[in-house]
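Student: Please take one part of this model and go through it closely: the surroundings of the ligand. Then place that part among the rest of the chain.

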Amino acid sequence: QSFPQKRQCAFQVTPQNNKYTTAGIVNGPVQLCENTQCCVGYFLIIDGQPEVDLLACDMAEKSCPDATCKAQTRYNSRLIKCVCNTDLCNSNITWTPESQELRATYSYSVEENPPSLDDYSVSRLCSCQTTKTSEIDIADIELQQIVGLGHFATVWQGKYQGSMVAVKVFPARWKQIFTAEKEVYELPLMKHAGIVNFLGSGRKPDGDSWHIVLQFAECGSLHYYLCNHTTNWMFSLKLCQSLSQGISYLHSDLHRHDVHKPPVAHRDFSSSNVLVRADGTCALCDFGCSTILRFCSGQGRWQSHATNMEGHAQLGTLRYMPPEILEGSVNLRNSWCLMQGDIYALALLLWEIWMRCSDLFEGDIAPQHLLPYESELGANVTLESLVNYVFHMDKRPSIPKHWELLPQGSVLQELLTDCWDCDPDARLTAQCVVDRLMSLQSCCST
Ligand SMILES: Nc1ncnc2c1ncn2[C@@H]1O[C@H](COP(=O)(O)OP(=O)(O)OP(=O)(O)O)[C@@H](O)[C@H]1O
């Protein structure tokens, strides 16, 4: 009886990313694969050259059609990966800076491969309704003070028709991001308590800036709020519920009469992109990186559509990126994976909120606000440290041990672990998070 030869792969790990040690028997620089015929290699680009970050057998059986180690698309041009199917093939990577630059441009656009003509025609066929909002005459707005400085825009507090508003001002060079964000706000049925109310948009007569006018959120961003306030249990639950209801609504595919709201993936969900109103409810904002999914009946599948993609390899905030996006294994043709990425970020936001809830800490003293992974990886995380910690080591923000003893502790713990699971398919849907939070309301009103 003959047994198939086990694959041998070059092996090199660091103590920080030693998860792959379990993928097979290690004998010095060689590993005999237990579960797969595929070798993997991760390389960091240092001074323009690939340097080994990790070499090993793959953890599970996956497709690896290449015989040699060819550089695959990555998050940006600083980390590359290959998967291949011959003995020790992962020890040498085929890589050129030019090919990498070209591929990186596409790596975080919606299509994993450069779009074909067919894709374009399908996108046109599947374009969907928008609600035409009357343009706002920018001259009617009185800008009062700056309340936020983002990557793309400056946010002002202002006055419009006697009401306090927020005005997001994009310089002309970010017109594409402005258009993408406006397109999401202008979708039908976008008015919802969990989403900041869009009042209109306009352009300065001299054409040097584009404006989005929004309801003003008195308490600023969730990040700002948590830095400055602790909460009690019921208040934290209100923040979490409104937040999950907002993302659940954004993800929903709604048909009301003849009007259709397609699902939207946020793709840059972070505590800076959630606002807090005076009544303690959250509202989602900042849809500049979002993707609208359109169902193409001709194709029988969901099609992603994004105005803002070309030329933007890096979408979203690094710290909140799910492991599959950090690692680059996500198939961006599968639009649902974008929603699953939002759920991972939602878990980090729930964790941030609960870590500031005094009722969940002894002596009612909650620790000062920390961003996810801030205590483990510092205030300025790098891609390499996150890939290692979140993907290779499969670690998440730590859940306080004593929560196990609290009446709601096990539910909180399960909810977080079910939302930040390394397997995107295992994560809860946003509606399921809303339902679980609802059950917490009845079980633990302290
Ligand atoms: N409607 C609003 N009411 C009050 N403050 C707001 C409002 N909209 C935005 N802000 C403030 O401005 C900040 C930046 O807003 P926003 O995230 O929309 O801008 P951006 O340029 O897209 O930022 P990013 O760097 O996340 O891409 C928010 O974190 C918040 O503090």
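Tutor: Start with the contacts of the whole protein. Among those between residues at least 6 apart in sequence, 68% join residues at least 24 apart. Two residues are in contact here if their C-beta atoms, placed from the backbone, lie within 7 Å. The model is a predicted one: local features need pLDDT of at least 70, side-chain atom pairs count only at pLDDT 80 or more, and totals for chains, interfaces and linings use all residues. Numbering starts from 1 along each chain as its sequence is written.

The protein has eleven helices and 20 strands. These are DSSP runs, numbered from the N terminus: helices are H or I with at least four residues, strands are E with at least two. Of the 446 residues, 43% count as buried. Buried means 20 or more other C-beta atoms within 10 Å of a residue's own; 12 or fewer means exposed, anything in between partly exposed, with C-beta atoms placed from the backbone.

Now the ligand. Its shell holds 23 residues, and Gly148, Gly150, Val155, Ala166 and Asp286 come nearest. A residue is near a molecule if its C-beta atom, placed from the backbone, lies within 6 Å of it. What is the make-up of the shell by class? Twelve residues are nonpolar, nine polar and two charged. The nonpolar class is Ala, Val, Leu, Ile, Met, Phe, Trp, Tyr, Cys and Pro; Asp, Glu, Lys and Arg are charged; the others, Gly among them, are polar. Three strands each supply at least two shell residues: S9 (142-149), S11 (163-171) and S13 (209-215).

S9, S11 and S13 belong to one open sheet of five strands. The order is S9-S10-S11-S13-S12, with antiparallel pairing. S9 and S12 (198-203) are the edge strands; each has a single partner, so one side of each has no neighbour in the sheet. From one strand to the next, the twist averages 25°. Pairing requires at least two DSSP bridges between two strands. S10 (residues 154-160) and S11 run antiparallel and share seven bridges. In that pairing, Lys159 has Met164 of S11 as its bridge partner. Helix H3 (residues 175-185) lies across S11, S12 and S13, at about 30° to S13. Axes are lines fitted to C-alpha atoms, for helices over the stretch in contact, and angles run from 0 to 180 degrees between N-to-C directions.

One residue of S11 deserves its own look: Lys168. UniProt lists Lys168 under "binding site", in an unreviewed entry. UniProt positions follow the numbering used here, feature names are shortened, and annotations may be inferred rather than shown by experiment. Lys168 counts as buried because it has 23 C-beta neighbours inside 10 Å. Leaving out residues up to four places away in sequence, Lys168 touches Ala153, Val155, His211, Ile212 and Leu214. Val155 thus links two lists: it is a contact of Lys168 and one of the residues nearest the ligand.

Now the other sheets. Three strands form an open antiparallel sheet in the order S1-S3-S2. S1 (8-10) and S2 (24-27) are its edges, each pairing on one side only. The twist here averages 30° from one strand to the next. S2 and S3 (residues 30-33) pair over four bridges, and Asn27 stands opposite Val30 in S3. S4 (residues 39-46) and S5 (residues 49-57) run antiparallel, joined by eight bridges. Phe43 faces Val52 of S5 as its opposite residue. Two residues lie between these strands in the hairpin, where Asp47 takes a positive phi near 50°.

Two further non-glycine residues have positive phi. His257 has phi near 55° and sits in the loop between S14 (254-256) and S15 (259-261). His257 is exposed, because 5 other C-beta atoms lie within 10 Å. Tyr373 has phi near 70° and lies in the loop between helix H7 (336-354) and helix H8 (374-377). Tyr373 is buried, because 22 other C-beta atoms lie within 10 Å.
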